Amino acid sequence: MGIKGLQWFVANTCPDACTMVNLKEMAEKHHINHPDSPPVIVVDAMGCIRHWYTPESWVCGGQWQEYLANLQDFIKAFMAADIKLVFCFDGVVEQKKRDEWVKRRLKNNKEIARIFQFLKSYRQQPGRGMFFIPSGLATFTRFALKSLGQETICSLQEADYEVASYGLQNNCMGILGQDTDYLIYNTSSYFSIDKLCLDRMVTVMYSRENLCHALGLNITDLPLFACLLGNDIVPEDILEGFWQKCVASCPPKSQSYDKRANTILAVASYISRVPCCYGSLKDLEEMLPLASDKKLLYRGVESYILPGQQSPWLPPGVSNSQIHLVKQETAICPDQEIFQLAKEQHVRAENYMVYNVLSKGEVECSNTLEDELDTELPGQALIYRPVRQHIYSVLLESGKDTCGAYPIVKEWFVYFGNPMEQPDLVQPMQLDIPGGTPSLRTLWLTKGPEVQTLRYRTFLACFQLQDMVEEFQLLDPSVAAVCCLLIYLTLQVDSLSLEDLNAFVAHTLCLQGKSAAQLAGLQLAQVDSRAVQLGSLFIRGLTTLIMANSSLGFPMNMNDLMPWKVFDGKLFQEKYQQSHTGCSLEELLEGNGSLHMQFQNLKSFICEACMVKKRTIQSRRRGNGFITEMQEGGRERSFQQAYTTSFVPPYHSQNRGFQWRGSQPYFYGSEAQPSGKGHRDQRRHQGQRRRFQLAPQWPNKQTIGAFL
């Protein structure tokens, strides 16, 4: 929410409403006045994310280790001041806010288009003035904070409202954020995240009492004041005529004020002159062009009234206990025990999208850094939709009707070409696993090794990899997550090439052991726009993994699916550019010879899985933005020395019955083998005499653990 122009107005025309305070000193006073309750600041996390993300690079997919280190430093500073933090995140988009949510996402699309135009023109990251938060940042921040031991809450309604309520009900020292609605709610003190100096623990505290004094209003007038200036409930376009009348009846006090400041003063003057009662609000509703929604202003005022409070602008006796009690709506999930568990996990920020599906069958995903002009890479929302359809089928299995039809899921996912005038109506898609789809009661409530295997198999089945449970279980969990994504992406996106795969695999191996400081010091001569989109696509894949993990009873440890374990934007950019310009394997792996076999093993594992699905990965070198199709027979003594138009794993899998196929195998460190039918027959004969499990052999999990 928030009121346009109010922050500037307060900072520039109401100096008494802005006070620089020392949070450590305030905490000490709180201890003295409230010895039984520690000083608590409730944090509007969504309003702070831009402040927390300070790594220089933001366009390449995210500098996740740096970001995690920033969060650690932030928490340590407050711990040193003996202040407890409680972080609150948006957990739902309320129906009354949907239009505004869509409007902002469509505006973001235009900003993203400008970012890609800049990238393709200058091959550099734009300046901070065009900053756009990395894809998935809000989702992963809640898991990051939980991993750092912080109390984290995901809202069941408007997050601003829950933050204000928490501050009021728990006698919090204050609210930290950057949203003028915290001046409107009658709650704890409001501290600015933008003005926070972490080294000295000082920031600006905004005083709603002093603001009211400057405007000639009472604190109980602020909700109506906010609505008459326009917010997420009452749109500005219906208020313009009212503003003109207010300004005409209240001439500007100073020529130095801009139009918005004069409007703010005029609206405050109008409110101060009318009787403070419900009748005045009804008169306003008749005056404003509210069309058929005559209760719009009523609902707007109502939205600011916290538990236990009343408003003189609403009918006598109407209190928040009647207004904001979360309605017991009929959930799509008929099993109340399962639904309650999903709700509790949602509030504790332990799952992702599960509660939203089980409660209303409606989910959303905000913008992703995607190039609308790149026709070879579909939007991530469409690429991962089949996975979500499988997940929906598990979550909604018990909600099928008498004809066996699943409930439809409404998706508000942002992708280019989607005007988002209506949600996409998505049909759940049945899993193809022996014994049929397991119930949520089995996956969530039953214990034992057999059920854990069932969870893992169902998890892989969502990515259509259910026949590879044993192979995946040999891998370190984080590497298994990466392989699952890369196999799925390669099967879904025809334009993904051998060079792309090399970049992802090399990036995965080279990332291990690197510190946040090392990654921060990595310098890029240029930035490739396609690699930017691939990085964002990979990160959105991780959010899809955690959705599947949340839905299926947590077959994997959630920490193993986090981006700071498996992704770094700048490092991926470097590997992508190296791979596409034909560097040597030694250079790609940073001179670490111990990684050569691991690289070959992982790559072979991924390629075999793709070949089972009839997908041959083509070589398509792009160099400096230009595509080069590698021809058979060309030889270079480099990383590309054995490049052909496809890759064939250099082993025969006993489990899968593979024979050598394709024109040439893909080797490192030797000359490319001659092509021809005779040689393929010879390799097939050799394959029958020598059988390998996973090129050339992974004898135990300890060996596989070397991947991390």
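**Notebook: salt bridges in a predicted model**

I began with Lys 84, which is partly exposed at 39% relative accessibility. The model is predicted, and I kept that in mind throughout.

I next looked up the partner of Lys 84. Its side chain meets that of Glu 151 in a salt bridge, 3.0 Å from N to O. I noted that this pair links distant parts of the chain, with Lys 84 in strand β3 (residues 84-89) and Glu 151 in strand β4 (residues 151-154), 67 residues apart. Glu 151 also counts as partly exposed, at 31% relative accessibility.

I then turned to helix α5. Here Arg 104 and Glu 100 form a salt bridge through their side chains, at 3.1 Å from N to O. The two are about one helical turn apart, because four residues separate them in helix α5 (residues 98-122). For Arg 104 I recorded a relative accessibility of 34%, so this residue counts as partly exposed.

My third entry concerns Arg 441 and Asp 335, whose side chains meet in a salt bridge of 2.8 Å, N to O. This pair, too, links distant parts of the chain: Arg 441 belongs to helix α20 (residues 440-445), Asp 335 lies in the loop between α15 (320-323) and α16 (336-347), and 106 residues separate them. Is each partner buried or partly exposed? I found Arg 441 partly exposed at 37% relative accessibility, whereas Asp 335 is buried, with a relative accessible area of 19%. The value for Asp 335 falls under the 20% cut-off, so the residue is classed as buried.

I also noted one network, in which salt bridges with shared partners join Arg 385, Arg 388, Glu 411 and Asp 424.

For the whole structure, I recorded 24 salt bridges.

Definitions and conventions. Residues are numbered from 1 along each chain as its sequence is written. This is a predicted model: local features need pLDDT of at least 70, side-chain atom pairs count only at pLDDT 80 or more; totals for chains, interfaces and linings use all residues. Side-chain values use heavy atoms; hydrogens and water are left out. A salt bridge is a side-chain nitrogen of Lys or Arg within 4 Å of a carboxyl oxygen of Asp or Glu. Buried means under 20% relative accessible area, exposed over 50%, partly exposed in between (1.4 Å probe, protein chains only).
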